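Student: I am new to this structure and would like to see how its labels are earned. Could you take me through them, please?

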Amino acid sequence: MTATLWRLIGVVSIIGLGSCYLQTDRPPNPKHGNGQPHSENDRSRIATQIEELADDGEVNPWELSGLYEGDMLLDSHQARNGILNETMRWPNGTVPYYIEDDDFTDEQELVILKAIKEYHKKTCIKFRPYHKSDLNWVVFRSNSSGCWSSVGMQSEGQTVNLQSPGCVKHGVVVHELLHALGFFHQQSASNRDDFVRILWENIESGHEHNFDKYNDTVVTSYGVEYDYGSVMHYSGKAFSKNKEPTIEALQPNVTLGQRKGLSDKDITKLDQMYQSRCVQSTDPGDSEPPGFLDQFNSLLGFLGSNLLLNP
């Protein structure tokens, strides 16, 4: 293919990208997560800790984000019933979203969209660009330290914060979106003591509450077995004061948590939660919301043409 043709593709891609974003309504400031949840000193400390984490490190970025259980933005601890509260489910399993374009590079926006695409491919959940008629929505931002989200649907908008650098990674985005859809951390399950041992003596003082567990009136496993490999499971050294384990598996040869994406059991539980709300199709992932697909393809084409024109 000639260089002239590649340049033409690049121009078309740029035009497509621009028109895609121009057609996306900008929401008002979200009611939840609009302010800074940390003090100035905490923001700097948290940002530095997360930025310095190795991609293959044992600690997950969301464990360092300084909120309840690390990354859950709650108005109060009474809000912990989100996973069983029907009013906190997204209607029709559809989540309107908006990405603050100034907060992220094009490459980072594509990371966010690819995490969303995993939900489209593997679950009945659909994300589509925000429209001004929407009453509830998610805004992706990077104007605060840490990786964090509210739990379940909140009224009048909510933030998914992805610190850059440090949080704009596939597994981190998938994790925070699962919070926004209504899930808590796996080790919060009422039956967790049958599967893991909490090593309280190694937990940093003042962070013991991050290892609370909820009874069956608060959370449910939807009949799915405990999932060591959930994207929502703490790492083995979460909130450690001495680099020693704080969680120990009671079964041999298992790894606690991961940052690759949704586990099979994550998918099963999510579909159980939304089975009465999703717009059912013959096969999960057989269609993409048009607005999302336009945005994804435009961005993918724009970045691809840039690589070809500027190798």
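Tutor: Gladly. The structure holds 13 salt bridges. This is a predicted model, in which local features need pLDDT of at least 70 and side-chain atom pairs count only at pLDDT 80 or more, while totals for chains, interfaces and linings use all residues. Residues are numbered from 1 along each chain as its sequence is written, and side-chain values use heavy atoms, with hydrogens and water left out.

Student: Why is the meeting of K237 and E58 called a salt bridge?

Tutor: A salt bridge needs a side-chain nitrogen of Lys or Arg within 4 Å of a carboxyl oxygen of Asp or Glu. For K237 and E58 the N to O distance is 3.2 Å, so the pair fits the rule.

Student: What makes K237 and E58 a tie between separate parts?

Tutor: K237 lies in the loop between strand 7 and strand 8, and E58 in the loop between helix 2 and strand 1 (72-73), so the bridge ties together parts 179 residues apart in sequence. Helices (H or I, at least four residues) and strands (E, at least two) are DSSP runs, numbered from the N terminus.

Student: Is E58 buried or exposed?

Tutor: Buried means under 20% relative accessible area, exposed over 50%, and partly exposed in between (1.4 Å probe, protein chains only). E58 has 53% relative accessibility, so E58 counts as exposed. K237, at 24%, counts as partly exposed.

Student: Which other side chains meet in a salt bridge?

Tutor: One such pair is K213 and D193, at 2.4 Å from N to O. K213 is in the loop between strand 7 and strand 8, and D193 is in the loop between helix 4 and strand 7, 20 residues apart. Another pair is E225 and K265, at 3.4 Å from N to O. Here E225 sits in the loop between strand 7 and strand 8, and K265 in helix 5, 40 residues apart. Salt bridges that share partners also join R26, E100 and R141 into one network.

Student: How many aromatic pairs are there, by the rule for rings?

Tutor: The count comes to 11 aromatic pairs. Rings of Phe, Tyr and Trp (its six-membered ring) pair if their centres lie within 6.5 Å; planes under 30 degrees apart count as stacked, over 60 as edge-to-face and the rest as tilted.

Student: What makes Y119 and F127 edge-to-face?

Tutor: Their ring centres are 5.8 Å apart and their planes stand at 65°, so the pair is edge-to-face. Both Y119 and F127 are buried.

Student: And why is the pair F195 and Y226 called stacked?

Tutor: The centres of F195 and Y226 are 4.9 Å apart and the planes are at 5°, so this pair is stacked. F195 and Y226 are 31 residues apart, and both are buried.

Student: How do you know that L256 counts as buried?

Tutor: L256 has 14% relative accessibility, so L256 counts as buried. The place of L256 is in the loop between strand 8 and helix 5. L256 also belongs to a core of 13 residues, among them A189, Y228 and F239.

Student: What makes a set of residues a nonpolar core?

Tutor: The members are buried Ala, Val, Leu, Ile, Met, Phe, Trp, Tyr and Cys residues joined through side-chain atoms within 4.5 Å. In the largest nonpolar core, of 45 residues, F140 and L162 touch the most other members.
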